[in-house]
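Colleague: I would like to go through this model with you and ask how each label is justified. Could you put it on the screen?

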Protein chains: 2
Amino acid sequence: MEQLNATAYVILGFVRGEPRSGYEIKALVDNSTRFFWAASYGQIYPELKRLTEAGLIVGSDVPTGSRKRTVYEITADGEEELRAWLRQPPQTFEMRDEGLLKLFFADALPREEGLEILRSMKAQRLAIYERLRAIEQMKGELEDPFPMIVLRGGLEFTQWFAQWCERMEAQLLDAAPEKRSK
Amino acid sequence: MEQLNATAYVILGFVRGEPRSGYEIKALVDNSTRFFWAASYGQIYPELKRLTEAGLIVGSDVPTGSRKRTVYEITADGEEELRAWLRQPPQTFEMRDEGLLKLFFADALPREEGLEILRSMKAQRLAIYERLRAIEQMKGELEDPFPMIVLRGGLEFTQWFAQWCERMEAQLLDAAPEKRSK
DNA sequence: GCCACTATATATCGCTTCGATATATCTGCA
DNA sequence: TGCAGATATATCGAAGCGATATATAGTGGC
């Protein structure tokens, strides 16, 4: 069998336990893994086909009235494939942070405007913090432990980042106090 | 003028100060912004053309022997465009972390193997820490302050992440001490 | 002087991913 | 009854990424 991509494992992970439609999977992704692994319809639907052909999931038609709806569940092979992947050491780690990029080039601006970038970044973090908090409230205690650990990790990281912005702002003000009054 | 993408500003940022070839820009990116904003040759060379057409940079041919070489420098318009972008609040923030993804689905594994994911993630962070340290050593004190602030931030973040992995491992061992001896 | 290897330099191709949108049906509720 | 919003599947174009092709320049070893 061909190598599966990570999005395939996102699907396997979400159809494990209970059957899901492509639409449901997309909604689950958008409220959870999307912060560290996004997936679009353009990936999900073709991937559901491939996984079905590979025998890792099976679909059943469960129409609602006259609207067709296919839910997929994981097969024994699929479970095994998922576990095998989970046992491999993770590779990919990527980030795209426009804030850090701007900060990196901030020497092109007068000092005061460089500080403004740090303030924007902090505000951005705080906004994300609220979104994650809302998700945390939504999920009860009922979940498997690991998704909650990851969510709490996201909250901690976001807080850490916001504080880093604050610290760097203070540090720059200390380093050039004569610019303060400008 | 059409909207520029972030890669265009990476180029503007790097040709500011001194003229650079496409090859040099790629090398600079790979040792700095690549950790939060990567760029490939496939983006850089076409972008150099677009920026030239837009009058934001100008190229001059500086051949070495019979090998052609074009270095680009920023124009006054380019400087202004860069500063205008730096003043906009940053938007994009994305992450793809295969480790967090695996951790999220770790309930599919026996507890001990879930802990193994955290150990791999920690090891991965420590490896990145060493790479960043090497870059820090390489750069002297001579730089503009902001690139160094961002680099040190990367080091701090990497350390924080490694410690988080450690803490989560300990927490899980505490929560299920009966599994410890398995 | 020659060879092998690496660095410099530009260019391009295929694949994946992203975001947006098209199409259609169902539900809630004013 | 109407219609906004949720459910469901599918697809397209643009952008990004990694790898590689092509070529020349420098460098170290023999």
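Modeller: One definition comes before the rest: a helix is a DSSP run of H or I with at least four residues, and helices are numbered from the N terminus. The model is a predicted one.

Colleague: Which helix of chain B gives the most to the surface near DNA strand C?

Modeller: Helix 3 of chain B does, with 3 residues. Helix 2 (22-30) and helix 3 (41-53) of chain B each supply at least two residues there. In total, 19 residues surround DNA strand C, and Gln43(A), Ser66(A), Arg67(A), Arg67(B) and Arg69(B) are the closest. Of the atoms of DNA strand C that come within 4 Å of the protein, 66% are accounted for by sugar and phosphate.

Colleague: What makes the pair formed by Gln43(A) and DNA strand C a polar contact?

Modeller: The cut-off is 3.5 Å between N or O atoms. An N or O atom in the side chain of Gln43(A) is 2.7 Å from a phosphate oxygen of DNA strand C, so the pair is within the limit. Arg69(B) also has a polar side-chain atom 2.4 Å from a phosphate oxygen of that strand. For Gly42(B), a polar backbone atom is 3.3 Å from a base oxygen of DNA strand C.

Colleague: How many residues of the surface near DNA strand C are nonpolar, polar and charged?

Modeller: There are 4 nonpolar, 10 polar and 5 charged residues.

Colleague: Now DNA strand D. Which residues are the closest to DNA strand D?

Modeller: They are Arg67(A), Arg69(A), Gln43(B), Ser66(B) and Arg67(B), among 19 residues that surround the strand. Sugar or phosphate makes up 67% of the atoms of DNA strand D within 4 Å of the protein, and bases make up the rest.

Colleague: How do you know that Tyr23(A) makes a polar contact with DNA strand D?

Modeller: A polar side-chain atom of Tyr23(A) lies 3.3 Å from a phosphate oxygen of DNA strand D, and the limit is 3.5 Å, so the pair counts. A polar backbone atom of Gly22(A) is 3.2 Å from a phosphate oxygen of the strand. In the side chain of Gln43(B), an N or O atom is 2.6 Å from a phosphate oxygen of DNA strand D. Two or more residues of the surface near DNA strand D come from helix 2 (22-30) of chain A, and likewise from helix 3 (41-53) of chain A. The largest share, 3 residues, belongs to helix 3 of chain A.

Colleague: Next, helix 4 of chain B. Why can its buried residues be said to lie on the same side?

Modeller: The buried residues are Gly78(B), Leu82(B), Trp85(B) and Leu86(B). They cover an arc of only 100° around the axis, so they are on the same side of helix 4 of chain B. In an α-helix there are 3.6 residues a turn, so residues three or four places apart point the same way. On the other side of helix 4 of chain B, Ala76(B) and Asp77(B) are exposed.

Colleague: What covers the buried residues of helix 4 of chain B?

Modeller: The cover includes helix 5 (98-104) and helix 6 (111-138) of chain A, along with helix 1 (6-15) and strand 2 (70-74) of chain B.

Colleague: Why is Arg20(B) called buried?

Modeller: Buried means under 20% relative accessible area. Arg20(B) has 18%, so the label applies. Arg20(B) is in the loop between helix 1 and helix 2 of chain B. A polar atom of its side chain lies 3.3 Å from the backbone oxygen of Phe14(B).

Colleague: And why is Arg50(B) called partly exposed?

Modeller: Partly exposed is the range between buried, under 20%, and exposed, over 50%. Arg50(B) has a relative accessibility of 45%, so it counts as partly exposed. Arg50(B) lies in helix 3 of chain B.

Colleague: What makes Ile135(B) buried?

Modeller: Its relative accessibility is 9%, and the cut-off is under 20%, so Ile135(B) counts as buried. Ile135(B) lies in helix 6 of chain B. Beyond its neighbours within four places in sequence, Ile135(B) is in contact with Asn31(B), Phe35(B) and Leu151(B). Asn31(B) is 104 residues from Ile135(B) along the chain, while their C-alpha atoms are separated by 7.2 Å.

Terms used. Residues are numbered from 1 along each chain as its sequence is written. Chains are lettered from A and ligands numbered from 1 in the order in which they are written. This is a predicted model: local features need pLDDT of at least 70, side-chain atom pairs count only at pLDDT 80 or more; totals for chains, interfaces and linings use all residues. Side-chain values use heavy atoms; hydrogens and water are left out. A residue is near a molecule or strand if one of its heavy atoms lies within 4 Å of it. A polar contact is a pair of N or O atoms within 3.5 Å; within protein, one must be able to donate a hydrogen and the other to accept it, and residues adjacent in sequence count only if both atoms are side-chain atoms. Ala, Val, Leu, Ile, Met, Phe, Trp, Tyr, Cys and Pro count as nonpolar, Asp, Glu, Lys and Arg as charged, and the others, Gly among them, as polar. Buried means under 20% relative accessible area, exposed over 50%, partly exposed in between (1.4 Å probe, protein chains only). The arc is that of the directions from the helix axis to the C-beta atoms. Contact means heavy atoms within 4.5 Å.
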